[in-house]
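Work through the exercises below with the sequence and the model open. Try each task before reading its solution.

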Amino acid sequence: MNAFHRHIRRMISLLAGVSALSLLSSSAFADPVIHHHTRLEAQRETSAGAGSVVKKTTDPVMNTQNSVTTQDKAALPQLPDITVETPVLPGEIRTIVIDPGHGGTNAGAIGVARIHEKYLTLQVALIVADRLRAKMPDVNIVLTRQRDEALSLTERIQMANQIQADLFVSLHFNSSTNPEAIGYESFWAGDFWAADMEKNGETIDDQTRETRTKTAKLGERMAKCFNHAMHRRFDVLDRGVKPGDYTVLTRAAVPSVVLELAFLSHAKEGIGVVSQSVRSKLADAVVDAIVKYGNVDYIP
Ligand SMILES: [Zn+2]
């Protein structure tokens with residue numbers, strides 16, 4: 001939880017206990033969330049001799065209209081403006097799509113253990129799905145594939161879009177020509193969704209921009225939850241949370257992430273994934289991340 005969220009939560013608990021009017025008329029409780037715009041208006045009216053004109057202000061914390069007099073306002077000390085952003089939090093989660101990367105003729109990477117990525121992603125995905133079903137019996141857990149079959153990237157994300165999933169999680173293993181490359185990383189859509197729409201000649205209106213930005217940000221939240229969950233379990237390099245230009249992210253109408261669990265090309269990591277206990281621990285991190293993602297009190 002960062003300072004901003006702590007502040008907002010404190011304000012909510014304060015406002016819950018103290019009536020808005022007594023809060024505003026008491027110099028002990030200054031309202032730090034008054035819009036700059038409102039304060040300027042109040043000053044203008046006071047200097048014009050408007051006296052105690054009742055002004056309506058919208059409280060961004062409570063999202064309610066409060067009656068405030070300019071006299072009350074004038075008594076308040078000047079405080080620095082705080083940019084109030086609505087924290088992006090997931091709503092109620094009903095459906096989660098788990099996507100085991102690759103499959104069929106698309107085998108993915110092959111690492112030092114000579115096992116194709118497509119088998120490893122499926123094995124981890126099956127454990128993740130089982131554990132999620134046990135932990136969240138009311139949530140619908142959908143796998144894009146349950147066997148070794150080829151699916152296009154578009155088909156995978158379309159599946160999530162069509163059933164209006166609340167989260168799409170694509171599982172992958174990394175590979176590099178650099179044998180030293182190690183660790184986990186995660187990707188979310190960033191602004192790449194916009195570039196993809198422009199490339200396809202689609203227009204981006206304000207509504208679309210707002211919705212897609214919010215959706216992408218939720219993907220970023222999930223990506224952060226994953227990196228934190230991995231950090232708690234594995235003593236390897238955290239390669240970061242990054243925007244990625246991948247079809248399952250750019251074409252996603254739902255919060256979407258690509259998770260790279262480990263490097264198959266690394267001598268230690270690539271052999272490690274052969275072990276059932278390592279795959280179980282990786283699955284555990286993914287499950288933990290999804291549970292935390294859905295917990296609105298958790299700030300990754
Ligand atoms: Zn992959």
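**Exercise 1: Strand partners of E8**

In E8, phenylalanine 263 is the bridge partner of asparagine 174. The model is predicted.

Task: Find how E5 and E6 each pair with E8, parallel or antiparallel.

Solution.
- Step 1. Take E5 and E8. They run parallel and are joined by 6 bridges.
- Step 2. Take strand E6, residues 184-188. E6 pairs with E8 in the antiparallel sense, over 3 bridges.
- Step 3. Check residue pairs. Glutamate 185 stands opposite glutamate 260 in E8. Phenylalanine 187 faces valine 258 of E8.
- Step 4. Look at burial. In E8, 8 of 8 residues are buried, so by the cut-off each has 20 or more other C-beta atoms within 10 Å of its own.

**Exercise 2: The whole sheet**

Task: Write down the strand order of the open sheet and name its edge strands.

Solution.
- Step 1. Count the strands. The open sheet has 6, in the order E4-E3-E5-E8-E6-E7.
- Step 2. Find the edges. They are E4 and strand E7 (238-243), each of which pairs on one side only.
- Step 3. Classify the pairing. It is mixed. Strands of a sheet pair through backbone hydrogen bonds, either parallel or antiparallel.
- Step 4. Gauge the twist. Neighbouring strands are turned against each other by 20 degrees on average, direction ignored.

**Exercise 3: From E3 to E4**

Task: Trace the chain from E3 to E4 and give the hand of the crossover.

Solution.
- Step 1. Establish the pairing. E3 and strand E4 (residues 140-143) are parallel, with 4 bridges. Isoleucine 96 stands opposite isoleucine 141 in E4.
- Step 2. Follow the connection. The chain passes from E3 through helix H5 (residues 117-135) to E4, and this β-α-β crossover is right-handed.
- Step 3. Check the helix length. H5 has 19 residues and reaches 27 Å from first C-alpha to last, close to the 27 Å expected at 1.5 Å a residue.
- Step 4. Place H5 on the sheet. H5 lies across E3, E4, E5 and E8, at about 145 degrees to E5.
- Step 5. Identify the packing. Buried residues of H5 include Leu120, Leu122, Val124, Val128 and Leu132. The buried residues of H5 pack against E3, E4, E5, E8 and helix H11 (276-293).

**Exercise 4: The two faces of H6**

Task: Sort residues of H6 into buried and exposed, and explain why the buried ones share a side.

Solution.
- Step 1. List the buried residues. In helix H6 (residues 153-162) these are Arg156, Ile157 and Ala160.
- Step 2. Explain their placement. They lie on the same side of H6 because they cover an arc of only 85 degrees around the axis.
- Step 3. Turn to the face away from the buried side. Thr154, Glu155 and Gln162 sit there, and they are exposed.
- Step 4. Find the cover. The buried residues of H6 are covered by elements including strand E3 (95-100), strand E5 (167-174), helix H9 (247-250) and strand E8 (256-263).
- Step 5. Read past the end. Just after H6, glutamine 164 has a positive phi of about 50 degrees.

**Exercise 5: The overall picture**

Task: Place H8 on the sheet, then describe the protein as a whole.

Solution.
- Step 1. Helix H8 (residues 206-233) lies across E5, E6, E7 and E8, running at about 170 degrees to E6.
- Step 2. The protein has 11 helices and 8 strands.
- Step 3. Of its 300 residues, 32% are buried.
- Step 4. Among contacts between residues at least 6 apart in sequence, 78% join residues at least 24 apart.

Terms used:
Residues numbered from 1 in each chain as written. Predicted model: local features only at pLDDT ≥ 70, side-chain atom pairs only at ≥ 80, totals over all residues. Buried ≥ 20, exposed ≤ 12 C-beta atoms within 10 Å, placed from the backbone. Helix = DSSP H or I, 4+ residues; strand = E, 2+ residues; numbered from the N terminus. Arc of directions from axis to C-beta. Contact = placed C-beta atoms within 7 Å. Pairing = 2+ DSSP bridges. Right-handed = clockwise from strand over helix to strand, strands pointing away. Expected span 1.5 Å × (residues − 1). Axes fitted to C-alpha atoms, helices over the stretch in contact; angles between N-to-C directions.
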